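Subject: The structure, and what turned up in it

Hi there,

Here is the structure I promised to pass on. Have a look through it first, and then read on for my notes.

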Amino acid sequence: MKNLALIAVFLVCTMAQIPYHAEFDGGNYVLDWAITNQPQATVNITITLALEGWIGIGLHYFNATGSDDHDMYDVDFYVTTFSNGVPTTSDRFTSSSNMGYSAPVTDESIGGRNNVLSVAGSQKNQLSVVSFSRYFVTGDTIGDHDIVDGYMHIIWAHGDPGSANPNNFAYHGESRGHYLVNWVSGDSKPCTTC
């Protein structure tokens, strides 16, 4: 019961400070975020998905201003899966060696670190919600990209609603897309050259 109370306090505190908002997938994937500076610059992210399924978000600057044939090439990913309604978020990466054509691997498996600071959320009644945070600069030069003040290419994905188990982290099918987001200013816009 104490853990549930702590999760509720975390979610309320996180949601109370979220001034930025973007929607993808016809409003089925909602991204909210806020910036705090304690103890250092941190982005607090909340994603709400209108489906009981895994949730993924990736970021990089490789094609934030230009075109790229490989959307998932060198992307810093955060993937959340749920078990009995409880979220687990992992810090992942797609390397240039596979040209982004395979599932992101955990940062630890390539010599990096899991830099997710905290995770809370729930999944029930066809709704998946996760809140997590990470520092702007994690120090993980192998698996993370620093968050910068400027547009970054965001890749979003979630469990394929047509699959037998959308909670199983597997190929997303058409349940994916990309956008440009400035984490600092809160500006976001469609990515027409990505």
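To start with a small puzzle: is Gln126 buried, partly exposed or exposed? Gln126 turns out to be partly exposed, with a relative accessible area of 48%. Please keep in mind throughout that this is a predicted model.

**The overall layout**

The protein chain has one helix and twelve strands. Going from the N terminus, the helix comes before the strands, in the run α-β-β-β-β-β-β-β-β-β-β-β-β. Of its 194 residues, 48% count as buried.

Seven of the strands make up an open sheet in the order E7-E6-E5-E4-E10-E11-E12, and their pairing is antiparallel. Strands E7 and E12 (188-190) stand at the edges with a single partner strand each, so one side of each has no neighbour in the sheet. As a reminder of the general picture, strands of a sheet pair through backbone hydrogen bonds, either parallel or antiparallel.

**Strand E5 and its partners**

E5 is a good strand to follow by eye. Seven of its nine residues are buried, which leaves E5 mostly covered. On one hand it pairs with strand E4 (residues 55-60) in the antiparallel sense, over five bridges. There, Ile55 stands opposite Thr80 in E5, and Gly56 has Val79 as its bridge partner. E5 is also joined to E6 by nine bridges, again running antiparallel. In that pairing, Thr81 stands opposite Thr88 in E6.

E5 and E6 form a hairpin with two residues between them. Asn84 is in the turn, and it has a positive phi of about 55° although it is not a glycine. Most residues other than glycine have a negative phi. At 80% relative accessibility, Asn84 counts as exposed.

Gln126, from the opening puzzle, also has a positive phi without being a glycine, at about 60°. Gln126 sits in the loop between strand E8 (118-124) and E9.

**One salt bridge**

How many salt bridges does a search of the whole structure find? It finds one. The side chains involved are those of Asp76 and Arg134, which meet at 2.8 Å, N to O. The two residues come from distant parts of the chain: Asp76 is in strand E5 (residues 75-83) and Arg134 in strand E9 (residues 127-135), 58 residues apart. Side chains of opposite charge can pair when their charged atoms come close. Both partners are covered here: Asp76 is buried with a relative accessible area of 0%, and Arg134 is buried with 1%.

**Aromatic rings**

The structure holds eight aromatic pairs. One of them joins Tyr20 and Trp33, whose rings are 5.5 Å apart centre to centre with 40° between the planes, a tilted arrangement. This pair also links distant parts of the chain, with Tyr20 in strand E1 (residues 20-24) and Trp33 in strand E2 (residues 29-36), 13 residues apart. Tyr20 is partly exposed at 22% relative accessibility, whereas Trp33 is buried at 0%.

Elsewhere, Phe24, Tyr29, Trp156 and Tyr179 form one aromatic cluster. You may also like to look at Tyr151: Lys189 lies over the face of its ring, at 4.4 Å from the ring centre.

**On the surface**

Val105, Ile110 and Ile142 form a nonpolar patch on the surface, and together they have about 210 Å² of accessible area. Val105 belongs to strand E7 (residues 105-106), one of the edge strands of the sheet. At 35% relative accessibility, Val105 counts as partly exposed.

Where does Pro39 lie? Its place is in the loop between E2 and strand E3 (42-49), and it counts as exposed at 67% relative accessibility. Pro39 and Tyr135 are 96 residues apart in sequence, with their C-alpha atoms 9.3 Å apart in space.

Happy browsing, and best wishes.

How values were computed:
Residues numbered from 1 in each chain as written. Predicted model: local features only at pLDDT ≥ 70, side-chain atom pairs only at ≥ 80, totals over all residues. Heavy atoms only, no water. Phe/Tyr/Trp six-rings, centres within 6.5 Å; stacked < 30°, edge-to-face > 60°. Helix = DSSP H or I, 4+ residues; strand = E, 2+ residues; numbered from the N terminus. Buried < 20%, exposed > 50% of the residue type's maximum accessible area, 1.4 Å probe, protein only. Lys NZ or Arg CZ within 6 Å of the ring centre and 35° of its normal. Patch = residues over 30% accessible without salt bridge, like charges linked within 9 Å, V, L, I, M, F, W, Y side chains within 5 Å. Areas by Shrake-Rupley, 256 points an atom, 1.4 Å probe, with all protein chains shown as cover. Salt bridge = Lys/Arg side-chain N within 4 Å of Asp/Glu carboxyl O. Pairing = 2+ DSSP bridges.
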